[in-house]
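Work through the following exercises with the sequence and the model in view, and compare each step of the solutions with what you find.

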Amino acid sequence: MKNRNKITVALFGILLFGISISNQLISAKDFSEVENRQLKQMPKLTANSLFSGTFGKDYETYLSDQFIGRDQWISLKTTSDRMMGKKEVNGVYFAKDDYLIEKHTKGELDSAQYKKNMERLKTVTNTYTKLLGNGHVKVMFAPTASAILRDKLPKSAPKDPQDEILNDMKQSAKKGTFIDLRSTFKKEKEKYIYYKTDHHWTTLGAYYAYVDWAKSMKITPIPMKQWKREVVSKDFLGTVYSKVNQAPSADTIEFWTRKSGEKYEVTYDMGQKKSNSLYERSYLKKKDKYSAFLDGNHALTVIKNKKIKNGKKLVIIKDSYAHSFAPFVANHFEEVHLIDLRYFNMGIKSYIKQQGITDFLMLYHVMSYAKDIHTIQLTK
């Protein structure tokens with residue numbers, strides 16, 4: 001027995017040594033296509049980073065990100081956890097009807113930042129209403145699948161915080177500016193309004209949000225029958241899938257275009273890239289297929305509708321939920337300006353004045369805005 005234990009320990013030691021050596025020999029990757037994010041690079045060792053403890057934390061993250069066979073280990077852990085009967089793996093619920101649903105808790109929020117974001121929401125809705133006028137400023141925070149598809153979650157799933165957060169947002173926003181999507185989404189929850197492997201709403205979900213927005217703006221929404229719905233992918237595996245590297249089924253992506261025809265000019269990041277389409281089909285051959293909507297994340301995206309001459313210009317302060325939403329609202333304005341606060345360095349108020357913006361919309365998913373550390377930009 002003692003010899004067997006020694007052999008086991010020796011083999012385990014050899015395995016760890018081999019993995020350690022392999023990790024040192026392979027070149028560090030910059031980007032994970034599976035997880036759709038930048039990977040941590042080797043941190044710089046300085047006296048300050050060493051004694052402050054930041055080097056140790058950064059190096060631990062670096063080792064985790066660059067671990068050899070990382071994707072395979074994630075998949076193996078998922079299999080192991082599911083064999084033990086777990087319904088939640090790495091913050092993801094294996095829910096009914098083949099849904100992978102991201103778990104959200106109040107504990108993931110930074111209370112100080114959350115308070116600031118609520119205060120800034122109040123300031124923003126008041127400031128821009130004074131600037132643009134009543135009825136021209138709206139805020140819309142999309143609930144995610146864990147808040148709407150509750151009946152698909154395991155019975156053991158804890159209470160989702162999004163109702164409480166949305167109530168806080170509604171109270172913080174100036175009266176008449178808050179668009180509450182919960183009623184509509186609960187009504188339509190049996191339809192395909194959320195991807196099964198990704199944290200975004202589907203194009204259909206974005207359409208229902210567009211209808212609610214249009215009604216709040218006293219704009220007649222374009223009926224569903226006037227849109228051509230094109231299935232462009234049936235093998236989309238999104239961001240939630242990437243947390244577990246397993247999925248019962250893949251997702252379908254649709255592009256919606258007007259049957260009456262469209263004519264756009266889309267400019268990214270002050271002219272660094274231009275296009276005549278709201279969709280970038282090259283992404284459909286990649287892992288990150290959702291970036292086919294408006295070419296993914298940019299500091300500034302400007303859509304000009306060449307068929308409209310009404311003098312109206314909309315700015316959307318947004319996260320990526322707006323990418324599949326914008327093709328709908330682009331049919332009501334001469335220009336739509338989408339701003340991502342993570343990358344945009346200009347003052348928002350001065351930009352709005354310079355560009356002659358007439359209407360304002362803030363569009364995030366609930367947890368994204370609640371945790372956003374860049375909202376200070378809204379007050380500049």
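**Exercise 1: a sheet and its edges**

An open sheet of three strands, with antiparallel pairing, follows the order 3-4-5. The model is a predicted one, in which local features need pLDDT of at least 70 and side-chain atom pairs count only at pLDDT 80 or more, while totals for chains, interfaces and linings use all residues. Residues are numbered from 1 along each chain as its sequence is written, and side-chain values use heavy atoms, with hydrogens and water left out.

Task: determine which strands stand at the edges of this sheet.

Solution. Strands here are DSSP runs (E, at least two residues) numbered from the N terminus, and two of them pair if DSSP finds at least two bridges between them. Strand 3 (88-89) and strand 5 (100-102) each have a single partner strand, so one side of each lacks a neighbour in the sheet. Strand 4 (residues 92-94) pairs with strand 5 over three bridges in the antiparallel sense, and Val 92 has Glu 102 in strand 5 as its bridge partner.

**Exercise 2: a lysine in a strand**

Task: decide whether Lys 313 is buried or exposed, and find what its side chain meets.

Solution. Lys 313 is placed in strand 13 (residues 313-318). Its relative accessibility is 19%, so Lys 313 counts as buried (under 20% relative accessible area, with exposed over 50% and partly exposed in between, for a 1.4 Å probe and protein chains only). A polar atom of the Lys 313 side chain lies 3.0 Å from the backbone oxygen of Gln 355.

Terms used
Helices (H or I, at least four residues) and strands (E, at least two) are DSSP runs, numbered from the N terminus. A polar contact is a pair of N or O atoms within 3.5 Å; within protein, one must be able to donate a hydrogen and the other to accept it, and residues adjacent in sequence count only if both atoms are side-chain atoms.
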